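Grab a pencil and work through these exercises with the structure on your screen. Try each task yourself before you read its solution.

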Amino acid sequence: MIGAVALLFVLFLLGVPIAFALGVAPLVALFERNIPMQIVPQVVFEAFDSFILMAIPFFILAGRLMQAGGVAQRLVELAIAMTGWMRGGLASASVVTSMFFATMSGSSSATAAAVGTGLIPEMERSKYPRPFAAATIAASAELGAIIPPSVPMIVYAVVASVSITDLFLAGIAPGLLIGFSLIALIFLTSRTHDYGVVEKPPLGEWLRGVARALRRSWLALLIPVIVLGGIYGGLFTPTEAAVVSVLYALLLGTVVYRTIRIADLPEIFASSAITSAVVLIIVGFAAVFAYALSIHQIPQTLAAQMIALTDNPFVFLLLVNILLLLVGMFIETLAAVIIVTPILAPIAVSFGIDPIHFGIVVIVNLAIGMVTPPVGVNLFIVSQIANTSIESLIRPLMTFMGVLIIDLLLISYLPLIFQTLWR
Amino acid sequence: MYFAVLNTINQGLRYVLGFLLFAMCLFALLQVTVRLFLNEIGFAVAVPWSEEVGRYAMIWMIFLGAAYAFGSGQMVSLQLLIGKLPLRWRTAADLVSIIVVVGFALLLVKVGLQATEFGWIEKSPVLQIDKALVYLAMPVSAALIVLNAGTRFFQAFLKRHCADPTDIMTPNDKAGS
């Protein structure tokens, strides 16, 4: 099995697509145990034969429809109308917009692209330095993976076999904490560095502006009510909610806003299908890797060693957090969720950590990885939109990272502290 | 000739993929509609087959989509080390990577066909579809990957002559994460 893990890393470094690397490496471990290769299709098809997984392509499609349909643009207009006049208002409005868009789309890169395209140029116009504007979007877009719905959470839930609805529910409070702490940081930074033009309009004009933006965006604001309300009200399963939001976004884009032409649809469906396949094929072959891990009893062995090292869940979570931050810097988030979950989730349970809480820690931690160089999807996207180098983003990102890591520690430990106090 | 045919196949795949996703949406919507509305107004109908067909459409979408994505270089991979290497070494790494993928794909063709063969005697629980029609997705996809690998192989050599090495380092389409 050690050979398989070593092979996995060699294949990763050679640039072999992660999905195939995850399929090839465990073959060595299967061979060691004389397990016939026919197990591969069996494991892969068992992983794919799941109604829950269908939520992933639906949320990806819905996100793309909302982007093409101008939903994100209308949310941005609303945010500008409401807060454009405050010092630091526009930058904090971008956090709020990201939070809203996160309740509609399941992914952080979609959030970065949708929100950043409108808001980065707008922030520059209001005299925010471009790197600061781009860093703001990159940091707040990670909420796309934390505030439900969330594609990484669906993957975690499938791999760790926990309830998606519970995981979604548990993501709301951490998402709000991260959102508000980012807003607080932005207000402080804008005040000290004098970012953002302050130009107070008369109250009447401001009210008219907000009302106009609300009229243009209220139908879009209903999406989270339908999706999240539907799931928590017990009306829909997550998969059904996802497909309903596809239908809603489709009607909004084609009939109400009329920004999507019917002729655009085949392309939108095709590109969403391809993005989904790229994600899901990793899930399938990761199942082979997880299978090899389990027949070699790797999680059990590691858990025993971990417990011999420390029996303190606080120390364990600290080690996990450090490990995941390192992993998140180099490996793409979904792939990381798929690789670490089958190993770490059983160990966490043996430390008495609630698997839902542990899932949130994993997701929040790996979401930070989307904002850290050298491999951070959000950084790639915002640097493309803002037309700056990733290097120039690093300085303004440092303070954001500091806040995100404090949030991560709070999210990791507060539930544990409460748990201990109540006992 | 080889590339022209392959190009046509890949273009056709895009339409098939879009259609499969569209079909998945229809089946899932049908299920929601029936459960929420028809049952509400007294029609006690259930459509368990819509979920089953939806899942099978997804399986085909995943496998065909992966084959397409491999051909167009959209698969998620780690470019960290490769991107830093001199061009000559990068070509070498690309070639090794393609050979690994082809070997794996050939194995998938073999075991996938075996699974398909057993699938002719296995029926799906609701619709009694031959499971072979589902399992076939794996060998078909793997065969397409082998074909696409030919193009990638050719491109890897071309890259040695291209002027701007950054055009092959563009971040993959990772909109899912």
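Helices here are DSSP runs of H or I with at least four residues, and they are numbered from the N terminus. Keep in mind that you are looking at a predicted model.

**Exercise 1. Find the place of A:K127 and say what its phi is like.**

Solution. Start with the place: A:K127 sits in the loop between α7 (108–125) and α8 (130–141) of chain A. Now check the backbone angle. Phi of A:K127 is positive, about 70°, although the residue is not a glycine.

**Exercise 2. Decide whether the peptide bond from A:P148 to A:P149 is cis or trans, and locate A:P149.**

Solution. First look at omega, which is near -5° for this bond, and the bond is cis. Then locate the second proline: A:P149 belongs to the loop between α9 (143–146) and α10 (151–160) of chain A.

**Exercise 3. Describe the contact between chain B and chain A.**

Solution. Step one, count residues: chain A brings 70 residues to the contact and chain B brings 58. Step two, look at the area. About 5,600 Å² is buried between the two chains, and carbon and sulfur atoms give 79% of that. Step three, turn to the polar side of things: 6 residue pairs are in polar contact across the interface, both partners having pLDDT 80 or more. Step four, see which helices of chain B take part. α1 (2–38), α2, α3 (80–84), α4 (87–119), α5 (132–135) and α6 each supply at least two residues of the side that touches chain A. Step five, sort the residues on that side of chain B: 41 are nonpolar, 10 polar and 7 charged.

**Exercise 4. How many salt bridges are there over all chains, and how many between chain B and chain A?**

Solution. Recall the idea first: side chains of opposite charge can pair when their charged atoms come close. Searching the whole structure gives 11 salt bridges. Between chain B and chain A the count is 3. One of them pairs B:R35 with A:E240, at 2.5 Å from N to O. A:D49 and B:R55 also form a salt bridge, again with 2.5 Å from N to O. Here A:D49 is in the loop between α3 (39–48) and α4 (55–68) of chain A while B:R55 is in helix α2 of chain B, so this pair joins two chains.

**Exercise 5. Work out what lines the second largest cavity.**

Solution. The structure has 2 cavities of 30 Å³ or more. The second largest has a volume of about 30 Å³. Its lining includes A:F20, A:I281 and A:F285, along with B:F63 and B:M138. Next, group by helix: α14 (265–295) of chain A and both α2 (48–71) and α6 (137–159) of chain B each supply at least two lining residues. The largest share, 4 residues, comes from α6(B). Finally, sort by type: 9 lining residues are nonpolar, 1 is polar and none is charged.

Notes
Residues are numbered from 1 along each chain as its sequence is written. Chains are lettered from A and ligands numbered from 1 in the order in which they are written. Side-chain values use heavy atoms; hydrogens and water are left out. On a 1 Å grid over the protein atoms alone, a cavity is a set of points where a 1.4 Å probe fits but cannot get out, and a pocket is an open set with protein on both sides within 12 Å along at least five of seven lines; lining residues have an atom within 4 Å of a point. Grid points are joined across faces, edges and corners, and a volume is the space filled by probe spheres set on the points. Ala, Val, Leu, Ile, Met, Phe, Trp, Tyr, Cys and Pro count as nonpolar, Asp, Glu, Lys and Arg as charged, and the others, Gly among them, as polar. Contact means heavy atoms within 4.5 Å. Buried area is the accessible area (1.4 Å probe) that two parts lose on being put together, summed over both. A salt bridge is a side-chain nitrogen of Lys or Arg within 4 Å of a carboxyl oxygen of Asp or Glu. A polar contact is a pair of N or O atoms within 3.5 Å; within protein, one must be able to donate a hydrogen and the other to accept it, and residues adjacent in sequence count only if both atoms are side-chain atoms.
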